[in-house]
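Colleague: I would like to go through this model one step at a time. Please give the reasoning before each answer.

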Amino acid sequence: MKFNRVIKFTLLTVVLITLGAVAAVVGVLMFGGPPMDSGSTLADGRVTLAVDRRGPVRIGAYVVELADGGYALVDTGMDPAAGEILSILEGRGASASDVRALFLTHAHGDHAGGMGAFPAATVYAMAADAEVLRTQGLVVQGLADGESIAVGGTVVEAFAMPGHTAGSAAYLVHGVLFLGDAAAATSESSLDSNDVAFTDDAARNRASLHALANRVGTRGDDLRLLAFGHQGPVQGLGPLLDLDGLTSNSPDTLAAALLSVSGVLADTKFGSLLYLDRERTASSLNFGDVLLEAVTDVQRLID
Ligand SMILES: [Zn+2]
């Protein structure tokens, strides 16, 4: 009994210390990166942003209109039910069955989490990340660098961006270049290489950004917007072409990374800690859930 109380007290202390750190960076995040508003549209209304909000963490998925009236998605958020995406589709008189294809920027759970809500869609990811998802029993088509996919009369171009994950991708459709987590937008609308936020190989990611800039830099008017996994869009290609200004671990990104830890912990077993409760039966406490609740409260106060 006493032992349990000690464990609980220790857990609570750890949670409170972590909370303090999270609360401290909420302020930084408030001023960080362009705003990411669910339902906002890009590319003359042909792309709609669906934001899966986890406390202060914003996860972007993009609903892309196709020439035949159907839809494709770039990323799917973290919500297995894809609630926000479905409500945007509903608002357009469409449903999950109108989604023909999912283009995943990478296999992380906060971007691929909603794919199960679109059983009629063909799922695409760069080969290396497609393989990762297949080991989880998912059906995914592997893409090659530079491949163009025609879906519903619209062409989506895919670029390999190894670094954040081995099979990270950028996609270009309707003049929007979707970078996923290969970069973050800073509050000055420049790019940050997003090194802290679960990136496998930071140097490789930066090399991928430089290579992409060289490949698309001459396409001018074809490319009108940069879109990201966790920040709002940035107008024009400028920040991608001016990689001399590429920061690494800017305060925006550090804040986003620390905050996203709480979001990710909430949905993984990693965040759960088994302990024996008073009745000596196994219970689990999910740090992530506790953190997210508290961080959401903090944000409500700020809002
Ligand atoms: Zn990621």
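**Strands, helices and core**

Modeller: Eight bridges join S2 to S3, and the two strands run antiparallel. This is a predicted model.

Colleague: Which residue in S3 is the bridge partner of Ala-50?

Modeller: S2 and S3 are paired in the antiparallel sense. Within that pairing, the bridge partner of Ala-50 in S3 is Ala-61.

Colleague: How many of the eight residues of S2 are buried?

Modeller: A residue counts as buried if 20 or more other C-beta atoms lie within 10 Å of its own. S2 is largely enclosed by the rest of the structure, because its buried residues number seven of the eight.

Colleague: What is the order of strands in the open sheet of seven strands?

Modeller: The pairing in this sheet is mixed. S3 and S4 run antiparallel, joined by four bridges, whereas S4 and S5 are parallel, also over four bridges. The order of the open sheet is S1-S2-S3-S4-S5-S6-S7.

Colleague: Which strands stand at the edges of that sheet?

Modeller: An edge strand here has a single partner strand, so one side of it is left without a neighbour in the sheet. The strands in that position are S1 (41-42) and S7 (141-143).

Colleague: Which residue of S2 stands opposite Leu-42?

Modeller: S1 and S2 run antiparallel, with two bridges between them. One opposed pair is Thr-41 and Thr-48. Opposite Leu-42 stands Val-47.

Colleague: Which residue takes a positive phi in the hairpin of S1 and S2?

Modeller: This hairpin has four residues between the strands. The residue with a positive phi, near 50°, is Ala-43.

Colleague: Are the residues on the two faces of S4 buried or exposed?

Modeller: In a regular strand the side chains alternate between the two faces of the sheet. In S4, Tyr-71 and Leu-73 are on one side, with Ala-72 and Val-74 on the other. Both faces are covered, and these four residues are all buried.

Colleague: Which residue of S5 stands opposite Ala-72?

Modeller: Ala-72 has a bridge partner in S3, namely Val-64. S4 also pairs with S5 (residues 99-103). Opposite Ala-72 in S5 stands Ala-101.

Colleague: Which residues have the most contacts inside the largest nonpolar core?

Modeller: The largest nonpolar core has 69 residues. Strand S3 (residues 57-65) gives the most to this core, with six residues. Leaving aside neighbours within four places in sequence, Leu-73 is in contact with residues including Ala-61, Ile-85 and Phe-103. The residues with the most contacts inside the core are Leu-73 and Ala-125.

Colleague: Which strands do the buried residues of H2 pack against?

Modeller: In H2 (residues 83-91), the buried residues are Glu-84, Ile-85, Leu-86, Ile-88 and Leu-89. They pack against S2 (47-54), S3 and S4 (71-74).

Colleague: How far apart are the C-alpha atoms of Ala-130 and Val-140?

Modeller: Ala-130 is found in helix H4. Ala-130 is buried, because 21 other C-beta atoms lie within 10 Å. Among the residues that Ala-130 touches, not counting residues up to four places away in sequence, are Ala-125, Val-140 and Gly-167. Ala-130 and Val-140 are ten residues apart along the chain, and their C-alpha atoms are separated by 5.6 Å.

Colleague: Within what arc do the buried residues of H5 fall, seen down the axis?

Modeller: H5 (residues 202-216) has Asn-205, Arg-206, Ser-208, Leu-209 and Leu-212 buried. They line one face of the helix, because seen down the axis of H5 they fall within an arc of 155°.

Colleague: Which residues are exposed on the other side of H5?

Modeller: The buried residues of H5 are covered by elements including strand S9 (154-160), strand S10 (169-173) and helix H6 (238-241). On the other side of H5, the exposed residues are Ala-203, His-210 and Asn-214.

Colleague: Which residue in S9 stands opposite Ile-149?

Modeller: An open sheet of six strands has the order S8-S9-S10-S11-S14-S15. In it, S8 and S9 run antiparallel, joined by four bridges. Opposite Ile-149, in S9, stands Val-156.

Key
Residues numbered from 1 in each chain as written. Predicted model: local features only at pLDDT ≥ 70, side-chain atom pairs only at ≥ 80, totals over all residues. Core = buried A, V, L, I, M, F, W, Y, C linked by C-beta atoms within 7 Å. Buried ≥ 20, exposed ≤ 12 C-beta atoms within 10 Å, placed from the backbone. Contact = placed C-beta atoms within 7 Å. Arc of directions from axis to C-beta. Pairing = 2+ DSSP bridges.
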